[in-house]
Amino acid sequence: MTKPTPPLVSGALPVLGHAAEFQRNRPRLIRRGFEEHGGVFAIKLANQNVAVVIGPEHQKTFFLETDGRLNIQEPYHFLQAMFGEVLFLAPHDEYLRQRPLVQELFKREKMLHYVDVMQEVVQAWLDGLGDSGEMELTSEIGVLVQEVAGNCFLGPEVHQAIGREFWDLYADLSRALDPLLPPNLPLPKFHKRDKAKTRMTDILRPIIAERRANPDKYNDFLQDIINKAGQDGQPVDEELVRNLLVALMFAGHETTAGQAAWTIILLLQHPGYLHKVLTEIDEVAPAGVHIDPKRMVQLDHIAWAVREIERLHPSADMLMRVAKEDIEFGDYLIPAGWLVQVAQEIGHKLPAYFDQPEQFDPLRFSPDRAEDKQHRFGLFGFGGGTHKCSGMNFANNEMTIITALLFREFELELVTKNPQIERGLGASRPSETVIRYRRRKPALVEPELASAAQGTSNI
Ligand code: HEM
């Protein structure tokens with residue numbers, strides 16, 4: 001007997017369905033659906049049927065299904081006007097051709113270099129802060145993460161020369177993100193987007209040509225993409241180099257900035273745990289000490305805090321696919337043509353997997369509790385399966401470095417006591433958050449570390 005389609009959540013309006021509520025407060029809608037119907041239910045966004053699936057087993061099916069049956073390209077099609085046919089926005093064959101290129105960028109020896117670049121950039125930012133003051137954390141971290149991305153992806157020379165203009169153009173692209181309107185309507189925001197793309201092409205063309213002529217001179221993403229020949233032995237064409245660069249900037253900066261800012265905020269809101277973090281920094285990487293891979297892997301309390309933020313405040317809080325065939329989820333059949341979504345908002349807060357799930361409790365990831373190991377698909381802030389985030393280690397390393405360096409250099413205090421979540425089309429982040437900072441005096445004492453650094457690196 002054919003299984004039924006998922007039950008509809010209450011509150012659907014004629015014509016609009018749940019679209020207005022989804023726009024206004026999607027966590028509330030998803031929570032209500034889960035309370036009414038459990039792990040598989042339906043919402044309606046105007047005439048689009050959407051199935052929401054929650055719980056590690058359903059999340060597993062979602063992530064392990066093939067692109068042919070549960071397609072990732074279609075629901076994100078609106079991003080194509082910004083990035084072109086790149087990564088999972090490209091047809092599947094093209095995606096498979098591009099994927100090794102991107103994986104190459106995150107190889108271990110590359111990552112070691114990027115971690116050094118991250119430290120230089122974050123240290124330069126800290127040096128420029130003066131001895132005390134106030135800052136708006138969310139935007140400040142946003143610019144810092146742009147600096148890191150610019151220096152790692154474009155390289156310091158190019159970033160210094162064109163970085164600011166590049167990010168301004170990027171903002172014009174970003175403002176034109178629109179999942180509803182056809183991307184070629186004659187609207188000012190789409191016109192600006194196209195102008196920005198043309199300007200980016202003009203800026204990057206001579207740079208790419210110079211890089212092609214000097215394959216050994218630079219060490220950054222841009223050079224690695226250019227040096228990598230395609231499977232056919234031909235160099236990667238200019239348009240793809242440009243598209244990959246811009247797409248990686250997008251994938252990597254607002255997401256990381258949001259979670260980095262939340263990490264700092266939640267640590268300040270939990271002084272007991274912060275004390276553990278400060279003690280750890282003092283022992284492993286006190287002021288002036290370079291964080292090499294051996295020290296990095298000893299910053300456990302920061303790593304667990306970063307993971308707890310992935311659970312509580314994932315930047316990408318809802319992931320989508322389109323069913324290309326009928327697909328079963330538990331007792332239900334999701335018909336071809338439906339949108340399928342997973343939602344960290346509930347999926348990360350199931351009491352069966354996470355003890356007191358609403359609490360900030362990074363020790364849940366310590367080896368004796370290891371709540372994230374209970375099910376491979378219980379924690380999925382970086383997705384899972386084929387499309388799992390390629391930049392996960394990059395992002396986690398960056399958030400660790402920002403947290404360690406900032407807290408070892410400054411005493412911090414939250415002026416905005418209770419920041420809220422701001423949800424955007426790209427990534428969620430904290431609302432405006434003012435913090436007060438004062439340089440630590442004296443600097444943390446340098447301990448005997450020569451023989452202390454041990455362990456294997458997961459950088
Ligand atoms: C905290 C920061 C980040 C978060 C929360 C995050 C989250 C995610 C998620 C959830 C996905 C899967 C999307 C889906 O299945 O629908 C993804 C994919 C991806 N991310 Fe990230 N990401 C972060 C940082 C980065 C960085 C720094 C980069 C690169 C510089 C990056 C590059 C990518 C790429 C290339 C993919 C596509 C993988 C594929 O389809 O093969 N991300 N990310």
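Helix H10 contributes 6 residues to the shell around the ligand, the most of any element. The model is a predicted one. In total 24 residues surround the ligand, and those that come nearest are Gly 252, Thr 255, Gly 383, Cys 389 and Gly 391. Three elements give two or more residues each to this shell: helix H4 (92–105), helix H10 (238–269) and helix H15 (392–409). By class, the shell around the ligand holds 13 nonpolar residues, 10 polar residues and 1 charged residue.

Helix H15 also takes part in a helix pair. Two packed helices are described by the angle between their axes and the distance between the axes. For helix H11 (residues 271–284) and H15, the angle is about 90° and the axes are 10 Å apart. Angles of 65 to 115 degrees count as roughly perpendicular, so H11 is roughly perpendicular to H15. On the H11 side the contact is made by Val 277, Leu 278 and Ile 281, and on the H15 side by Ala 404, Phe 407 and Arg 408. The contact of H11 with H15 comprises 5 nonpolar residues, 1 charged residue and no polar ones.

At the level of domains, the chain is divided in two. Domain 1 consists of 1–83 + 317–347, and domain 2 consists of 84–316 + 348–439. Their C-alpha centres lie 27 Å apart. Where the two domains meet, 22 residues of domain 1 and 35 residues of domain 2 form the contact. On the side of domain 1 that touches domain 2, helix H2 (56–64), helix H3 (80–83) and helix H14 (344–347) each supply at least two residues. H2 gives the most to this side of domain 1, with 5 residues. The side of domain 1 that touches domain 2 divides by class into 13 nonpolar, 6 polar and 3 charged residues.

The chain as a whole can now be considered. Its secondary structure comes to 15 helices and 12 strands. The C-alpha trace spans about 70 × 55 × 40 Å along its principal axes. How does the radius of gyration of the chain compare with that of a compact globule? For 459 residues, a compact globule would have a radius of gyration near 23 Å, and the chain has 23 Å, so the two agree.

Technical notes: Residues are numbered from 1 along each chain as its sequence is written. This is a predicted model: local features need pLDDT of at least 70, side-chain atom pairs count only at pLDDT 80 or more; totals for chains, interfaces and linings use all residues. A residue is near a molecule or strand if its C-beta atom, placed from the backbone, lies within 6 Å of it. Helices (H or I, at least four residues) and strands (E, at least two) are DSSP runs, numbered from the N terminus. Ala, Val, Leu, Ile, Met, Phe, Trp, Tyr, Cys and Pro count as nonpolar, Asp, Glu, Lys and Arg as charged, and the others, Gly among them, as polar. Domain bounds come from an automatic or database domain assignment. Two residues are in contact if their C-beta atoms, placed from the backbone, lie within 7 Å. Axes are lines fitted to C-alpha atoms, for helices over the stretch in contact, and angles run from 0 to 180 degrees between N-to-C directions. Angles under 35 degrees count as roughly parallel, over 145 as roughly antiparallel, 65 to 115 as roughly perpendicular and the rest as oblique. The radius of gyration is taken over C-alpha atoms; the globule rule is 2.2 Å times the number of residues to the power 0.38.
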